Amino acid sequence: MPADFDTIVNLAKNRGFVFQSSEIYGGLRSAYDYGPLGVSLLRNVKEQWWRSMVQLRDDIVGIDSAVIQSPRVWEASGHLSSFTDPLVECTNCNSRHRVDKLEKPNQCPTCGMKDTFTEPKDFNLMFQTHMGPVSTAENAVYLRPETAQGIFINFENVRRTARMKLPFGIAQIGKSFRNEITPGQVVFRTREFEQMEMEFFCRPEDSAEWLEYWLEERRNWYMDLGMSADNLRMRAHEDDELAHYASSTYDVDYNFPWGWDELEGIANRGDFDLAAHGTHSGKDLTYFDPETNERFYPHVIEPAAGATRTTFAFLLDAYSEEEVGGEKRTVLKLDKRLAPNKVAVLPLSKKPDLVESTQAVAGPLRERWDIEVDVTQSIGKRYRRQDEIGTPYCVTVDFDTLEDQQVTVRDRDTMAQDRIPIEGLVRYLDERLAP
Ligand code: GAP
């Protein structure tokens, strides 16, 4: 069973993972800010994605494309005409809703009135702005609603300069923007968010096999990073759910506190994008296979995950409560690779020579990992705080340390304690924290 939603949201806020954007001005529901622990967790999730997609593979390279692109990109990709959600307005309270997300199709969730909706109309989700000092239709530009198009328009640049041969992929992590009709559930659906997308180009006849491959790979990625298999499922899209560019799509769903919902979409985009950009730009975006002497548009399998949404799911999945000695212990059982801080170094008391010794112990650890030195409160309370934010190891410097040059290392999950010589501490932790 996933953790209680409000409990996690409170922990996320009170421990500095996620804050509402513009909180001092009453907050903006569309966006969130990541606090000291949240930014580390988010970075670690993105790093793990990049490591598995780019660093550990020969067949995938990365790029970082601009948020603002030529408006012709969105014309060619179909986003200007088809990237819409069906919108209805309640004639009683004037609230607006996405038809496909209504719990009761004819009842307004804001005022409760029935049969007060207008006819649905298509609402385009792209944010529009203007390039330069004049706001005219000619210089309208859009904030990208997906990172994927930055990859397609650079297909030939990357293929040529990185000398890639099919099958190969191009990966990108970055911000995307959608003017969602109903943002909600904290960072789950926001108007500004981050995506981790990879476009995998292959021969058309191999695309079904690569789709199977990426379904397996992506499911394993979540599970390898500790996400519970019971909270994950793969769901095939019905025909009427498919995006305008996809011939088949699977969602990686997570069992959120409100039910199963999407973490990632894995789509067979066929040659839709390369062919569209080839036609609209007049540039040749086909691929020449020197072995078969054929020229064709590669087909594309796209695993497209949300970085911010996935981070939230890891947080939910890691939350656990247990009873220890008659007291409740809250632990974020985050995989060590994801934990914001790897080590906390804690002097047993605030006595100056202990604090000084603590800083000396912390120095070499800082060089390698994100760590925290905490000198406040009783040692028991500090352990509990570190458990709550998912720190895998606490290193305690006590009075004996000053004599025997040893420290106590406490394991978050087992609470077992080892006495370790300071000179062997980096090696001890390295063996346990190495990816
Ligand atoms: N290029 C394909 C594409 O963008 P998508 O299913 O619309 O596909 C991919 O988006 C992922 O991006 C989603 O599975 C989700 O994790 C994340 N995402 C999409 N819209 C989001 C939003 N408004 N807020 C947070 N994450 C979002």
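In this predicted model, strand β13 gives the largest share of the shell around the ligand, namely five residues. The elements that supply two or more residues to that shell are β10 (192–202), β13 (259–270) and β16 (299–306). In total, 22 residues surround the ligand, and the closest are E146, E180, T190, E197 and E262. Sorted by character, the shell comes to 10 charged, eight nonpolar and four polar residues.

Polar contacts to the ligand come from several side chains. R178 puts a polar side-chain atom 2.8 Å from an oxygen atom of the ligand. For E180, an N or O atom of the side chain sits 2.8 Å from a ligand nitrogen. E302 also reaches a nitrogen atom of the ligand, with a polar side-chain atom at 2.9 Å. On its own the ligand has 560 Å² of accessible area, and the protein covers 92% of that. E180 turns up again away from the ligand: together with D85, R98, D100 and R189 it is linked in a network of salt bridges.

Zooming out, the protein has 435 residues, and buried ones make up 50% of them. Its secondary structure adds up to 13 helices and 23 strands. Taken along the principal axes, the C-alpha atoms fill a box of roughly 75 × 65 × 50 Å.

The salt bridge count comes to 40, and a few individual pairs give a feel for how they are placed. D253 and R233 meet through their side chains at 2.9 Å, N to O. D253 lies in strand β12 (residues 248–256) and R233 in strand β11 (residues 232–236), so this salt bridge ties together parts that are 20 residues apart in sequence. The two partners differ in their surroundings: D253 is buried, at a relative accessible area of 2%, while R233 is partly exposed at 30%.

The pair E327 and R384 spans a longer stretch of chain. Their side chains form a salt bridge at 3.9 Å, N to O. E327 belongs to strand β18 (residues 327–332) and R384 to helix α11 (residues 379–388), 57 residues apart, and the pair links these distant parts of the chain. Here both ends are partly exposed, E327 with 45% relative accessibility and R384 with 38%.

E47 and R43 make a local pair instead, with their closest N and O atoms 3.9 Å apart. Both sit in helix α2 (residues 36–55), and because they are four residues apart there, about one helical turn separates them. E47 counts as partly exposed at 45% relative accessibility, and R43 is partly exposed too, at 48%.

On the nonpolar side, L348, F399 and L402 make a surface patch of about 230 Å². L402 lies in helix α12 (residues 399–404) and counts as partly exposed, with 30% relative accessibility.

A few backbone details are worth a look. L166 and P167 are joined by a cis peptide bond, with omega at about -10 degrees. P167 is in the loop between α6 (155–161) and β9 (168–177). Two residues that are not glycines have a positive phi: D115, at about 55 degrees, and N293, at about 60 degrees. D115 is found in the loop between β5 and β6, and N293 in the loop between β14 (287–289) and β15 (294–296). Both count as exposed, D115 at 61% relative accessibility and N293 at 60%.

The loop that holds D115 also holds T116, and this loop runs between β5 (96–98) and β6 (121–124). T116 is buried, with a relative accessible area of 10%. T116 and R160 are 44 residues apart along the chain, and their C-alpha atoms are separated by 56 Å. Another loop residue, Q185, is found between β9 and β10 and is partly exposed, at 32% relative accessible area. From Q185 to G62 the C-alpha distance is 31 Å, with their positions 123 residues apart in sequence.

Key. Residues are numbered from 1 along each chain as its sequence is written. This is a predicted model: local features need pLDDT of at least 70, side-chain atom pairs count only at pLDDT 80 or more; totals for chains, interfaces and linings use all residues. Side-chain values use heavy atoms; hydrogens and water are left out. Patches are made of residues with over 30% relative accessible area and no salt bridge: like charges are joined within 9 Å, nonpolar side chains (Val, Leu, Ile, Met, Phe, Trp, Tyr) within 5 Å. Accessible areas come from the Shrake-Rupley method with a 1.4 Å probe; for residues, only the protein chains shown count as cover. A salt bridge is a side-chain nitrogen of Lys or Arg within 4 Å of a carboxyl oxygen of Asp or Glu. Buried means under 20% relative accessible area, exposed over 50%, partly exposed in between (1.4 Å probe, protein chains only). A residue is near a molecule or strand if one of its heavy atoms lies within 4 Å of it. A polar contact is a pair of N or O atoms within 3.5 Å; within protein, one must be able to donate a hydrogen and the other to accept it, and residues adjacent in sequence count only if both atoms are side-chain atoms. Ala, Val, Leu, Ile, Met, Phe, Trp, Tyr, Cys and Pro count as nonpolar, Asp, Glu, Lys and Arg as charged, and the others, Gly among them, as polar.
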